[in-house]
Amino acid sequence: MSAPTDEELMARVCADDATAFALLVRRYESSLFNYLRRFLQDAADAEDIFQEAFLKVHTHRHKFRLDAPFKPWLYRIATNLAKDRLRYRNRRRMLSIFSAHPSTPEVSLADSIPAPGPGPDAQVEATETAERLEVAVARLPEKHRAVFLMARYEEMPYAAIAETLNIPEGTVKSRMNTAVKMLLEALKEA
């Protein structure tokens, strides 16, 4: 028997099925957390927002349209919460202890890029490029960073991103194009 779809699970959640809710949380545990970690550049904040997002899913379950796809709805909730967290951070001007110390054992964008050929020079160059890319992605404006991360790391189609962010698909394409240009420019300058 095939696994139930997200939408089938959400219909069960709407009927107060706790098991279905737990399955949805587990299903998105890795992908949503990684999206949030990249978006927020902080694992602790990503974990908090992940939990807040699913709390909102649960508390607002009766607002979910059963004829709509679940993933864009979930990512819209998570992205809005993440943007709120960034605004809060900017007001408070706090630095993460995780980003301040390079020996923190958390996985970074650089760690997710496959190792290059066997030469140590190539490995050093790839690591430096990955670090520059990670910094460049973090410096993208929020609206471009969200589109870039959803498209490249979450492999969401443009239509789903448009639905998630409540913007036209053409705007998604434009923001993606701008993000790629900004990243290429940032990598040239570094």
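## The nonpolar core

A nonpolar core here is a set of buried Ala, Val, Leu, Ile, Met, Phe, Trp, Tyr and Cys residues that are joined through side-chain atoms within 4.5 Å. With that in hand, look at the structure above, which is a predicted model. Its largest nonpolar core has 50 residues, and the members touching the most others are Met10, Leu32, Tyr35, Leu36, Phe54, Val57 and Phe70. Quite a list of helices chips in with two or more residues: H1 (6–14), H2 (18–40), H3, H4 (70–92), H7 (120–139), H8 (142–152), H9 (158–165) and H10 (169–189). Helix H2 gives the largest share, at 10 residues. As background, nonpolar side chains in soluble globular proteins tend to be buried together.

Met10 is a handy place to start if you want to walk through this core. Skipping residues up to four places away in sequence, Met10 touches Leu24, Val57, Arg61, Phe64, Phe70 and Trp73.

## The overall fold

What is the protein built from, helices or strands? There are 10 helices and zero strands, so to speak a plain run of α-α-α-α-α-α-α-α-α-α from the N terminus on.

Of the protein's 190 residues, 39% count as buried. If you take the contacts between residues at least 6 apart in sequence, 64% of them join residues at least 24 apart.

## Aromatic pairs

Searching the whole structure turns up 10 aromatic pairs. Take Phe50 and Phe54: their ring centres are 5.1 Å apart and their planes sit at 55°, so this pair counts as tilted. Both residues belong to helix H3 (residues 43–59), where they are four residues apart, or about one turn of the helix. That spacing fits a general point: an α-helix has 3.6 residues a turn, so residues three or four places apart point the same way. Phe50 is buried at 10% relative accessibility, and Phe54 is buried at 4%.

Phe148 and Tyr153 make another pair, this one edge-to-face, with 6.2 Å from centre to centre and 70° between the planes. Which of the two partners is buried, and which is partly exposed? Phe148 counts as buried because its relative accessibility is 8%, while Tyr153 is partly exposed with a relative accessible area of 26%.

## An aromatic cluster and a charge

Tyr28, Tyr35, Phe39, Phe64, Phe70, Trp73 and Tyr75 come together as one aromatic cluster. Two of these names, Tyr35 and Phe70, also turned up among the core residues that touch the most other members.

Phe39 has a charged visitor as well: the charged end of Arg145 sits over its ring, 4.8 Å from the centre.

## Where H2 meets H8

Helices H2 and H8 pack at about 150°, and their axes are 10 Å apart. The crossing is right-handed. On the H2 side the contact is made by Tyr35, Arg38 and Phe39, and on the H8 side by Glu142, Arg145, Ala146, Leu149 and Met150. Phe39 and Arg145, the ring and charge from above, are both on that contact list.

How much of H8 is covered? Mostly covered is the verdict, with eight of its 11 residues buried. Those residues are His144, Arg145, Ala146, Val147, Phe148, Leu149, Met150 and Ala151. Note that Arg145 is among the buried ones.

## Glu52 on helix H3

Glu52 is another residue of helix H3. With a relative accessibility of 32%, Glu52 counts as partly exposed.

Where does Glu52 reach in space? Glu52 and Ala78 are 26 residues apart in sequence, yet their C-alpha atoms are 7.9 Å apart. Leaving out neighbours within four places in sequence, Glu52 is in contact with Leu81 and Arg85.

## Two positive phi values

Most residues other than glycine have a negative phi. Gln41 is one that goes the other way, with a positive phi near 60°. Gln41 sits in the loop between H2 and H3, and at 29% relative accessibility it counts as partly exposed.

Asn166 also has a positive phi, about 60°, without being a glycine. Asn166 comes after H9, in the loop between H9 and H10. Is Asn166 buried or exposed? Asn166 is exposed, as its relative accessible area is 65%. Back in H9, the buried residues include Ala160, Ile161, Ala162, Thr164 and Leu165.

Note on methods:
Residues are numbered from 1 along each chain as its sequence is written. This is a predicted model: local features need pLDDT of at least 70, side-chain atom pairs count only at pLDDT 80 or more; totals for chains, interfaces and linings use all residues. Side-chain values use heavy atoms; hydrogens and water are left out. Rings of Phe, Tyr and Trp (its six-membered ring) pair if their centres lie within 6.5 Å; planes under 30 degrees apart count as stacked, over 60 as edge-to-face and the rest as tilted. Buried means under 20% relative accessible area, exposed over 50%, partly exposed in between (1.4 Å probe, protein chains only). A charge sits over a ring if NZ of Lys or CZ of Arg is within 6 Å of the ring centre and within 35 degrees of the ring normal. Contact means heavy atoms within 4.5 Å. Axes are lines fitted to C-alpha atoms, for helices over the stretch in contact, and angles run from 0 to 180 degrees between N-to-C directions. A crossing is left-handed if the near helix is turned anticlockwise from the far one by less than a right angle, and right-handed if clockwise.
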